[in-house]
Amino acid sequence: MLAQRATDLRDVGDRVLRILTGVQAESFTYPENTILLAEDLTPSDMANLDPSRVKGFCTVAGGATSHVAIMARSMGLPAIAGIEPRVLDLPDGTPVILDGTKGKLRLNSSTEELEHTQTSIARQKEKQAADLERAFEPAITQDGRQIEVVANIGSQKDAEAAMKVGGEGVGLLRTEYVFMEVSAPPSEEHQEAVYRGILAVIGPDRPVIIRTLDVGGDKPLPYLAMPAEENPFLGERGIRLGFDRPELMRTQFRAILRASTAGRALVMFPMIAQIEELKMARAVMEEERQKLGVPPIEIGIMIEVPAAAVLAERFAEYVDFFSIGTNDLTQYTLAMDRGHPKLAPYVDALNPSVLKMIDLTVRGADQHGKWVGVCGGVAGDPQAVPILVGLGVKELSVSVPVIPTVKAQVRTLSLSQCQELAQTALRLDSAAQVRELVPLEDL
Ligand code: PEP
Ligand code: MG
């Protein structure tokens with residue numbers, strides 16, 4: 001248990017030391033254009049980063065879909081996780097170029113390289129500004145397929161940011177953030193107020209998909225004592241924990257149901273692996289709904305366990321929609337920990353085996369007339385967007401800063417070409433080959 005929480009423990013230790021020695025880490029000012037190189041970063045380090053000075057970071061720990069990487073995306077910061085430890089030996093002030101898209105940190109760059117990078121950053125900024133101008137228009141492919149581009153959020157602040165950049169709703173509200181901000185389980189009233197606040201920001205007609213509590217794995221809750229597990233990612237995570245703590249689950253379900261009248265709320269269960277779990281969660285939700293006497297809300301599940309993807313056709317009968325959590329679906333399909341630094345280069349949702357899972361999910365949903373979205377990190381990856389669209393995904397839920405870019409990209413695509421591309425990708429042997437199909441230079 002302590003090993004798992006080593007970073008948190010070090011964070012606390014460091015804070016105590018800082019207080020004892022009178023060092024004011026909170027007010028530490030990084031120089032302009034800082035690239036931070038660290039063993040690991042904690043969520044509290046992230047909260048203290050000044051994005052006007054820190055332009056990106058690299059950590060030795062973690063992977064592209066670990067939760068610090070998710071926070072980086074929502075802050076619009078380029079980052080590399082799982083970098084070689086020797087970078088920590090670089091003296092402060094060493095000029096480096098961080099390419100978050102390619103996952104490369106370049107040292108000893110020539111003047112030309114530095115200039116070239118500055119020019120491409122400026123070009124990217126211009127493109128971002130142009131994308132932002134059209135951010136409130138829908139994302140429709142050249143041949144008329146509309147893709148809903150919605151936001152992954154964890155708070156009302158994120159919801160407000162999403163509305164400013166053309167978000168068409170929320171495809172994933174990670175409610176565990178509501179639970180992480182407090183030191184005891186949040187009450188029904190507290191949760192209701194948070195969900196209502198978010199629904200009010202998003203407005204009466206746009207969807208807000210509220211994912212029920214997904215703790216366990218790499219997201220423990222400090223106030224929730226859980227027995228040590230050999231394999232927390234394969235243990236009591238997500239909905240499984242809910243069944244073990246029915247009061248925690250029912251309280252949240254009630255809060256969601258009560259808030260649901262404030263807008264267009266949908267609910268989504270995480271980590272569903274068996275149809276029985278889905279039926280049980282639905283039954284609890286329905287029981288609470290009837291007690292409260294509120295109207296029914298749409299119910300979906302995350303497809304993030306291979307068992308659910310391969311049997312999607314069966315699951316589809318019992319849901320209104322699926323949202324594919326490629327972060328977990330990739331780690332479980334490939335049996336590679338999403339936070340493992342050495343495996344990080346291979347934990348790629350564009351691996352054809354993961355694409356096959358997505359394909360099965362969409363086909364299964366189609367048979368029952370249900371729609372499929374993707375809310376894992378790959379939904380905002382420019383090399384993945386055409387392939388996901390081609391596989392029949394209707395909604396992309398992405399980190400807030402990339403909403404305008406993803407919408408702009410969809411407008412350049414043709415559904416029929418994307419479909420061909422996706423079929424080709426499904427026949428390839430590796431994620432690298434799939435990425436070669438959609439070269440970054442062409443984007
Ligand atoms: C996922 O697994 O892809 C997902 C969106 O959920 P989380 O990253 O919160 O596990
Ligand atoms: Mg997940």
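Let's start with Phe-253, which counts as buried at 1% relative accessibility. Keep in mind that this is a predicted model. Phe-253 has a partner, Phe-269, and that residue is buried too, with a relative accessible area of 0%. The two ring centres lie 5.6 Å apart and the planes sit at 35°, so we call this pair tilted. If you follow the chain, Phe-253 belongs to helix 9, residues 246-259, while Phe-269 belongs to strand 10, residues 264-269. The two are 16 residues apart, and the pair links distant parts of the chain.

How many aromatic pairs does a search of the whole structure find? It finds 2. Besides the tilted one, there is Phe-321 with Trp-371, and this pair is stacked, at 4.9 Å centre to centre with 10° between the planes. Here the partners are 50 residues apart: Phe-321 is in strand 12, residues 321-324, and Trp-371 is in strand 13, residues 371-374. Phe-321 is buried, at 0% relative accessible area, whereas Trp-371 counts as partly exposed, at 26%.

Now, on to a pair of helices. Please find helix 13, residues 326-334, and helix 14, residues 352-366; their axes come within 10 Å and cross at roughly 120°. The two helices are therefore oblique to each other, and their crossing is right-handed. Which residues meet there? From helix 13 we have Thr-326, Leu-329, Thr-330, Thr-333 and Leu-334, and from helix 14 we have Ser-353, Val-354, Met-357 and Ile-358. Sorted by class, this contact holds 5 nonpolar and 4 polar residues, and no charged ones.

That's my tour, thanks for listening!

Definitions and conventions
Residues are numbered from 1 along each chain as its sequence is written. Chains are lettered from A and ligands numbered from 1 in the order in which they are written. This is a predicted model: local features need pLDDT of at least 70, side-chain atom pairs count only at pLDDT 80 or more; totals for chains, interfaces and linings use all residues. Side-chain values use heavy atoms; hydrogens and water are left out. Axes are lines fitted to C-alpha atoms, for helices over the stretch in contact, and angles run from 0 to 180 degrees between N-to-C directions. Helices (H or I, at least four residues) and strands (E, at least two) are DSSP runs, numbered from the N terminus. Angles under 35 degrees count as roughly parallel, over 145 as roughly antiparallel, 65 to 115 as roughly perpendicular and the rest as oblique. A crossing is left-handed if the near helix is turned anticlockwise from the far one by less than a right angle, and right-handed if clockwise. Contact means heavy atoms within 4.5 Å. Ala, Val, Leu, Ile, Met, Phe, Trp, Tyr, Cys and Pro count as nonpolar, Asp, Glu, Lys and Arg as charged, and the others, Gly among them, as polar. Rings of Phe, Tyr and Trp (its six-membered ring) pair if their centres lie within 6.5 Å; planes under 30 degrees apart count as stacked, over 60 as edge-to-face and the rest as tilted. Buried means under 20% relative accessible area, exposed over 50%, partly exposed in between (1.4 Å probe, protein chains only).
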